[in-house]
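Work through the exercises below with the sequence and the structure open. Each task is followed by a solution in steps.

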Amino acid sequence: MTPTPPAPSDIARARCATGVCLGVEGVGDDRVEVRLTCPEVAELARPGEFCQLQVGPGPVPLLRRPFSVCRADPEGGVLAFYLGVVGEGTARLAALRRGDRVGVLGPLGRGFTVPDPPATLLMVAGGLGAAPFPLLAQACHRRGVALAWLNGAASAGRLYPAERLGAPVASHCATEDGSRGARGLLTDILGPLLATADRVAACGPNRMLAQVASIVAEATPRVPLEVSLEAPMGCGFGTCLGCAVPVRAGDGARALALCCRTGPVMAAERVDWSRLLALPPAHAA
Ligand SMILES: Cc1cc2nc3c(=O)[nH]c(=O)nc-3n(C[C@H](O)[C@H](O)[C@H](O)COP(=O)(O)OP(=O)(O)OC[C@H]3O[C@@H](n4cnc5c(N)ncnc54)[C@H](O)[C@@H]3O)c2cc1C
Ligand code: FES
């Protein structure tokens, strides 16, 4: 059954703040964690929500870039983002130095459900899609929810270290070159892990998410799956309409939803996967 469309996110929760860089730490190969002091946003951010980060002081690049909140420490007022360099904006963020200032707009979007115990949540992360899971893992652990972790990447150096999740997890991984865990894609080993999961939360490239959705629907249709979608985001708060993604309306009709307001986290059955994957690369990458 197609679920009722969720209410759009509450943009009144977002703050337009200035973060101050505390440092940029290398995480494995070609990945970094950028830590910012930003108490206004750190106290509000929930798992799966994102921020739009200003990537430079001048007009170019003009647009802020969206990044999932990886960690938020309300006591210390610290926010962290996990990213890889794919273009100018991410290169600038990875090159930040301690004391540099960064415009932060957030938290934005709808995040992941933190289940009630007793439950086991399986978190499925492809590549940089690991970004939202430390915050989700910590929220679940505090609530007494058991966690399983399935991470896939091209090679061992691009896996997200399970110990950085900040919560105990049953950990599984797959690498395309076989340098750690199973050789191949995470979707190759997902099926058996579903037997013990009460819910699944997934983040990664949209093509991976489509496969995860197909496997979960086939193997365990009773298990709710939430996916954090990728879409090109100009504004992040519902104005530019650039992030529209195809969804199934309640009556099965074709519809569009703004990923920045009714996502990025959506119920998998709401997404119209074949139309999503037919979109240009920033959607299907
Ligand atoms: C809600 C959300 C959360 C995200 N969280 C993270 C995160 O935690 N860590 C992380 O590393 N990345 C994340 N991304 C992707 C990140 O926003 C893009 O990689 C970034 O905007 C690229 O900026 P750039 O200037 O470096 O590259 P650009 O020069 O703008 O683009 C370089 C390449 O990246 C692709 N790209 C650009 N924007 C996106 C996008 N939104 N989705 C997919 N591909 C894109 C382009 O098609 C192009 O091929 C997230 C995206 C969304 C929508
Ligand atoms: S990013 Fe502008 S409307 Fe969603």
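**Exercise 1.** Decide whether Phe 133 is buried or exposed.

Solution. The model is a predicted one, and the value is computed from it. Step 1: the relative accessibility of Phe 133 is 0%. Step 2: buried means under 20% relative accessible area. Step 3: Phe 133 therefore counts as buried.

**Exercise 2.** Classify the ring pair of Phe 133 and Trp 149 and say which parts of the chain the pair ties together.

Solution. Step 1: the ring centres of Phe 133 and Trp 149 are 5.7 Å apart, and rings pair if their centres lie within 6.5 Å. Step 2: the planes stand at 70°, and because an angle over 60 degrees counts as edge-to-face, this pair is edge-to-face. Step 3: Phe 133 belongs to helix α3 and Trp 149 to strand β9 (residues 146-153), so the pair ties together parts 16 residues apart in sequence. Step 4: Trp 149 has a relative accessible area of 1% and is buried.

**Exercise 3.** Count the aromatic pairs, then treat Phe 112 and Phe 133 in the same manner.

Solution. Step 1: the count comes to three aromatic pairs. Step 2: the rings of Phe 112 and Phe 133 have centres 5.6 Å apart and planes at 25°, so this pair is stacked. Step 3: Phe 112 sits in the loop between β7 (101-108) and β8, while Phe 133 is in helix α3 (residues 133-143), so the pair ties together parts 21 residues apart in sequence. Step 4: Phe 112 is buried, at 6% relative accessible area. Step 5: ring pairs link Phe 112, Phe 133 and Trp 149 into a cluster.

**Exercise 4.** Which residues of the largest nonpolar core touch the most other members, and which helix gives the largest share?

Solution. Step 1: the core has 38 residues, and those touching the most other members are Leu 122, Val 124, Val 212, Leu 225, Val 227, Leu 229 and Trp 273. Step 2: helix α5 (residues 206-219) supplies the largest share, six residues. Step 3: apart from this core lies another, of 26 residues, including Phe 112 and Phe 133. Step 4: beyond four places in sequence, the contacts of Leu 225 include Val 200, Val 212, Val 216 and Met 266.

**Exercise 5.** Where does Gly 126 lie, and what is in contact with Gly 126 beyond four places in sequence?

Solution. Step 1: Gly 126 lies in strand β8 (residues 120-126). Step 2: its relative accessible area is 8%, so Gly 126 is buried. Step 3: leaving aside neighbours within four places, Gly 126 is in contact with Gly 152, Leu 186, Cys 203, Gly 204, Pro 205 and Met 208.

Technical notes: Residues numbered from 1 in each chain as written. Chains lettered and ligands numbered in written order. Predicted model: local features only at pLDDT ≥ 70, side-chain atom pairs only at ≥ 80, totals over all residues. Heavy atoms only, no water. Core = buried A, V, L, I, M, F, W, Y, C linked by side-chain atoms within 4.5 Å. Buried < 20%, exposed > 50% of the residue type's maximum accessible area, 1.4 Å probe, protein only. Helix = DSSP H or I, 4+ residues; strand = E, 2+ residues; numbered from the N terminus. Contact = heavy atoms within 4.5 Å. Phe/Tyr/Trp six-rings, centres within 6.5 Å; stacked < 30°, edge-to-face > 60°.
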